[in-house]
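Trainee: Hi! Could we go through this one together, a bit at a time?
Mentor: Sure, let's have a look.

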Amino acid sequence: MSRLHTAAAGKMTNYRWLICSMLFFATTVNYLDRQVLSLLQPILEEEFHWTDSDYGTITAIFSLVYAVAMLFAGRFVDRVGTKRGYAWSIAVWSLGAGVHAVCGVVTERLTGLPDSAALRAAQGADLVGQIAVISVTAFIICRCVLAIGEAGNFPAAIKATAEYFPKKDRAFATGIFNSGANVGAIVAPLTVPVMAELWGWEAAFVIVGLIGFLWLGFWVFIYRKPEENRRMNAAERAYIEQDAATTEAGVQEEPDRRISFWQCLRYRQTWAFAFGKFMTDGVWWFFLFWTPAYLKAQYGMVGTEIAWPIAILYTITVFGSVFGGKFPTYFIDRGMDPYAGRMRAMLIIAFFPLVVLAAQPLGGISYWVPILLIAVGASAHQAWSANIFSTIGDMFPKRAIATITGIGGMAGGIGSFFIQKGAGMLFTYSDQAALRFLGFEGKPAGYAIAFIFCALAYLIAWTVMKTLVPRYKPITDL
């Protein structure tokens, strides 16, 4: 009796969805940790006398370190395995999140000022400049630790998804766990400003760091490879391994054979995935890092005032993450191969961010207009993200997935570095030079320029990806 027949004969367990839920919660914690700084930026820029360029430097260096770490994180996960790789990742990033809390103390000690009130009240170009430089440096160091740990999240999660789901379900499973990014982004504005008001901004960093260590405790006891997992039955194992049973791609897996970066870079499929990430990852991070600053610059909103707009924005994006991952199955079920169906869906998705072009022109009506339009763009990004990650599993063998994910993550981080640093410089310049663009002046003109890039990035990315890999072509010699 074949494995697939056995699967049909017995009632299948659903342990794979428990794994998916663990990936979901890890990604939630990942983005909760990542967003704390952006939500506290209006407070921190006053306490430490930051300019937009200073804040842009902090977020840009985070992106750059994340990019480099992603390259090695994928290799690390492939080498030590999903369980240990994920455990090390979340331990490091939770530690990195927590140590942000000491940045204020470090700045006070090195400047000789007694407390945060003295930092805020400081005057004189030399003292103010010293406070800014020391605090920016301290936060950059903490963000580097955070970035190194967070770089392991997606390589480990994508590898776990490939281990526990057949190809036809991977985009949906990826969409589900990737929606944790949205949930983290929803929970953060509802909790971080409140924690900052009640206990100080330092407490927010400490608490979110502790949550990561709590997840780690569960992960150590729950995760096992499917072939070693006694809590799932043969029917579920056969369902997971159905691609191997049908040998549709003709790929012979060699789990113990190591793959070099240079081998991976020989393929157009790698470059297509990397370019798609390079063009679009920074857009998501721009929305994540700069929307609170945008609400302050454009509408004078700070603290708990931004909680509900940001929470609703990311609530909307959950739909894009979950249903965007399911969208390609409409085409796949009608005879398209997984790659063709995914690319068709991604083209349609790439048109939705164009609504962000109207964010500034219609922003005078109410701050809810740009919030809702950005929500559509961010939702489209999550749908795009669920599918672009799944293109790796469509064409590469499982043992290379985390490495390829790392390469793409590095490209995405580099793209984000340019966007974050460029945005900070643009907003500082537009404010100081009273820049005029499309009828806007100052920082609003700078945001109008940034929104144009965010709107067009996905169509550019899709065009290049389709040019590099016009048809489904699985890798059979890696």
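**A loop, some bridges and a lot of rings**

Mentor: Let's start with His 49, which sits in the loop between helix H2 (15-48) and helix H3 (52-80). Keep in mind that this is a predicted model.

Trainee: Okay, what is the phi of His 49?

Mentor: His 49 has a positive phi of about 60°, although it is not a glycine. For context, most residues other than glycine have a negative phi.

Trainee: Where else should I look for a positive phi in a residue other than glycine?

Mentor: Try Ala 434, where phi is near 50°. Ala 434 lies in the loop between H20 and strand S1 (436-437).

Trainee: Is Ala 434 buried, partly exposed or exposed, and why?

Mentor: Ala 434 is partly exposed, because its relative accessible area is 33%, and the partly exposed class runs between 20% and 50%.

Trainee: And how many residues does helix H20 have?

Mentor: Helix H20 covers residues 398-432, which is 35 residues. From first C-alpha to last, H20 reaches 51 Å, close to the 51 Å expected at 1.5 Å a residue.

Trainee: New topic: how many salt bridges are there?

Mentor: The count comes to 8 salt bridges. One of them joins the side chains of Lys 296 and Glu 45, at 2.2 Å from N to O. Lys 296 is in helix H15 (residues 268-299) and Glu 45 is in helix H2, so this pair ties together parts that are 251 residues apart in sequence.

Trainee: Which residues are linked with Lys 296 in a network of salt bridges?

Mentor: Glu 45 and Glu 46 are linked with Lys 296 in that network. The Lys 296 and Glu 46 side chains meet at 3.6 Å, N to O. Glu 46 lies in helix H2 and Lys 296 in helix H15, so that pair ties together parts that are 250 residues apart in sequence.

Trainee: Are those three buried or exposed?

Mentor: Glu 45 counts as buried because its relative accessibility is 16%, and the cut-off for buried is under 20%. Lys 296, at 21%, counts as partly exposed, and so does Glu 46, at 45%.

Trainee: What about the salt bridge of Arg 436?

Mentor: Arg 436 meets Glu 441, at 3.2 Å from N to O. Arg 436 is exposed, with a relative accessible area of 65%, whereas Glu 441 is partly exposed at 40%.

Trainee: Now rings! How many aromatic pairs does the count come to?

Mentor: It comes to 41 aromatic pairs. Take Phe 417 and Phe 418: their ring centres are 5.5 Å apart and their planes are at 70°, so the pair is edge-to-face. Phe 418 counts as exposed at 53% relative accessibility, while Phe 417 counts as partly exposed at 21%.

Trainee: Which residues do ring pairs link into a cluster?

Mentor: Among them are Tyr 55, Phe 286, Trp 290, Tyr 367, Phe 427 and Phe 451.

Trainee: And which arginine lies over the face of Tyr 330?

Mentor: That's Arg 334, at 3.8 Å from the ring centre. Likewise, Arg 34 lies over the face of Tyr 66, at 5.0 Å from the ring centre.

Trainee: Last one: which residues make the nonpolar surface patch?

Mentor: Leu 95, Val 206, Leu 210 and Phe 213 make a patch of about 360 Å². Helix H11 (residues 201-222) gives the largest share, 3 residues. Phe 213 is in H11, and Phe 213 is partly exposed, with a relative accessible area of 37%.

Definitions and conventions: Residues are numbered from 1 along each chain as its sequence is written. This is a predicted model: local features need pLDDT of at least 70, side-chain atom pairs count only at pLDDT 80 or more; totals for chains, interfaces and linings use all residues. Side-chain values use heavy atoms; hydrogens and water are left out. Helices (H or I, at least four residues) and strands (E, at least two) are DSSP runs, numbered from the N terminus. The expected span of a helix is 1.5 Å times one less than its number of residues. Patches are made of residues with over 30% relative accessible area and no salt bridge: like charges are joined within 9 Å, nonpolar side chains (Val, Leu, Ile, Met, Phe, Trp, Tyr) within 5 Å. Accessible areas come from the Shrake-Rupley method with a 1.4 Å probe; for residues, only the protein chains shown count as cover. A salt bridge is a side-chain nitrogen of Lys or Arg within 4 Å of a carboxyl oxygen of Asp or Glu. Buried means under 20% relative accessible area, exposed over 50%, partly exposed in between (1.4 Å probe, protein chains only). Rings of Phe, Tyr and Trp (its six-membered ring) pair if their centres lie within 6.5 Å; planes under 30 degrees apart count as stacked, over 60 as edge-to-face and the rest as tilted. A charge sits over a ring if NZ of Lys or CZ of Arg is within 6 Å of the ring centre and within 35 degrees of the ring normal.
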